[in-house]
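Reader: Hello! I am new to this structure, so please take me slowly through one part of it: the inside, where side chains pack together and where space is left.

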Amino acid sequence: MTTSMLIRDGLVIDTDPVPAVLGRADVLVRDGLIAAVGPGLHAPPDADVLDATGRLVLPGFVDTHRHVWQAAVRATLPDATLPAYLERILGGLAPRYRPDDVFTGTLAGALECLDSGVTTLVDWSNIQLGPGHTDASVAALRDSGIRAVFGYCYGGDGDLDALAAETARVRRAHFDGSGGSGGSGGTVGMAMAALGPEIAGEERALREWRLARDLDLPITVHMGGFGPESAARGLAFLDAHGLWDRPATYVHANHYTGDEFKRLAAHGGTFSATPAVEAILDIGPPPTGRARAAGAPTGLGADVVTSGPGDMFSIMRAAYVLERGRPGGAGLGLTAADVLRMATIEGAEAIGLADVTGSLAPGKQADVLVLRTDTLGLAVAHDPVAAVVLSADVRNVDTVLVGGRVVKRGGALLGQDVPALLTALAESAGRLTAA
């Protein structure tokens, strides 16, 4: 049966090829897809009509890098740097996680995304301590209704044959035929979340790269964030083993030079910046402007809520301020429109989903965000694009669609028992952080 929705008379912002205000218009959704955008569209007889008068209508946000499982340990590590994060969170708290903790944290983290207008997510899931943890992660993402790429990071011992066998099992058991697409409404695809040569050493990194090729998985990898010498060694590793044929998304690419960014871009590399957490944990100067100057799609991410914010509005502002505040005016070319593009279509490009989401082009999945403007913080905004980036917050998120399915409306999440989830999250947090 055909299902339709007409979002009527909103102020529409689209993002491709560049963010632009289309004016007062309607958005017609049919069978989960954007069917048309324009003024005075006809509502089919079966259509659910949403009056968006006085609202902003735009594509949902794309978070290109987040460790979603950490929702239960939010704000446990403020004012720290990366070594402390590695010791306290990954070394201390992560081993305490049971599968039910993973499910609760991942579901809560994914719903946090939807609540704040993030409709597409790369879950860099480095809590895969066993098959039960994996089952819980995937189930939670699917139950949330978000569009996601599950970045599988094997968390067993150092046995590389076990890494290969378990990654192949996860691909076969949970993602047979879907790979990393995340293409239809609310579905979850898979990627290889590679530790990479700078963290895990060359032997494991080589196995990760070859396994991604064999299983036809996209790669998302932490590379370039551990200092200039380490970044250069990582690229030498790709050279030595001829791995450039498998493009990757490079996360925390803070220490690459301009030439290295260009080289990565020439080989199909894309980038994910998490500017708030990169600044808080002292990972390095923001890569946003330099990566984009190399011609590579660059998306944004929250990374970890243990030490930073979890909503895209805060992340966009961090990207804008940190880039424009570079010494000598080096980042003043970055505009608010550039940042909104990074949070939407450019993020989708970075993770290989630009044909699926990130803009309001007819034929794409209807991942749509409606923002209310009748608040003191967003009223009478003269530049709607700048207002989304610099003035809006989670309170303005009125309605969210993923693949045409309404997951939030009138400011409330639908189809979820949020009070029960919050109770479970508090219980999980208490056990995980108990002395």
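Author: Happy to help; what follows goes from the packed core to the ring pairs, then to the pockets and a few spots in the backbone.

A word on the ground rules before we start. This is a predicted model, so to speak of a local feature we need pLDDT of at least 70, and side-chain atom pairs count only at pLDDT 80 or more, while totals for chains, interfaces and linings use all residues. Residues are numbered from 1 along each chain as its sequence is written, and side-chain values use heavy atoms, with hydrogens and water left out.

Let us begin with the core. In soluble globular proteins, nonpolar side chains tend to be buried together. Here the largest nonpolar core has 107 residues, and those with the most contacts inside it are Phe 61, Tyr 250 and Met 316 (a nonpolar core is a set of buried Ala, Val, Leu, Ile, Met, Phe, Trp, Tyr and Cys residues joined through side-chain atoms within 4.5 Å; buried means under 20% relative accessible area, exposed over 50% and partly exposed in between, with a 1.4 Å probe and protein chains only). Helix α2, residues 99-115, gives this core its largest share, seven residues (helices, H or I of at least four residues, and strands, E of at least two, are DSSP runs numbered from the N terminus). The core also draws at least three residues from each of domain 1 (4-59 + 364-413) and domain 2 (61-351), with bounds that come from an automatic or database domain assignment. Apart from it lies another core, of 16 residues, including Val 27, Val 29, Leu 360 and Val 370.

Now for the rings. A pair of aromatic rings is described by the distance of the centres and the angle of the planes. There are eight aromatic pairs in the structure (rings of Phe, Tyr and Trp, the last by its six-membered ring, pair if their centres lie within 6.5 Å; planes under 30 degrees apart count as stacked, over 60 as edge-to-face and the rest as tilted). One of them joins Trp 69 and Tyr 97: their ring centres are 5.0 Å apart and their planes stand at 90 degrees, so this pair is edge-to-face. Trp 69 sits in the loop between β6 (61-66) and α1 (82-93) and Tyr 97 in the loop between α1 and α2, so the pair ties together parts that are 28 residues apart in sequence. Both partners are buried: Trp 69 has 0% relative accessibility and Tyr 97 has 3%.

Phe 150 and Phe 175 form another aromatic pair, this one stacked, with 6.0 Å from centre to centre and 15 degrees between the planes. That pair links distant parts of the chain, 25 residues apart: Phe 150 is in strand β8 (residues 147-154) and Phe 175 in helix α4 (residues 160-175). Phe 150 is buried at 0% relative accessible area, and Phe 175 is buried too, at 1%. Elsewhere, ring pairs link Tyr 250, Tyr 256, Phe 261 and Phe 271 into a cluster; Tyr 250 is also among the residues with the most contacts inside the largest core.

What about the space that is left? Rolling a probe the size of a water molecule over the atoms shows where empty space remains. The largest pocket holds about 520 Å³ of space (on a 1 Å grid over the protein atoms alone, a pocket is an open set of points where a 1.4 Å probe fits, with protein on both sides within 12 Å along at least five of seven lines, and lining residues have an atom within 4 Å of a point; points are joined across faces, edges and corners, and a volume is the space filled by probe spheres set on them). It is lined by 26 residues, of which Leu 86, Leu 90, Asn 126, Leu 195 and Ile 199 are the closest to its centre. The elements giving two or more residues to this lining are α1, β7 (118-128) and β8, and α1 gives the most, with four.

Finally, two backbone spots. A cis peptide bond, with omega about 10 degrees, joins Asp 16 and Pro 17, and Pro 17 is in the loop between β1 (4-14) and β2 (20-30). His 252, although not a glycine, has a positive phi of about 60 degrees; His 252 lies in the loop between β11 (248-251) and α8 (258-266), and counts as buried at 7% relative accessibility.
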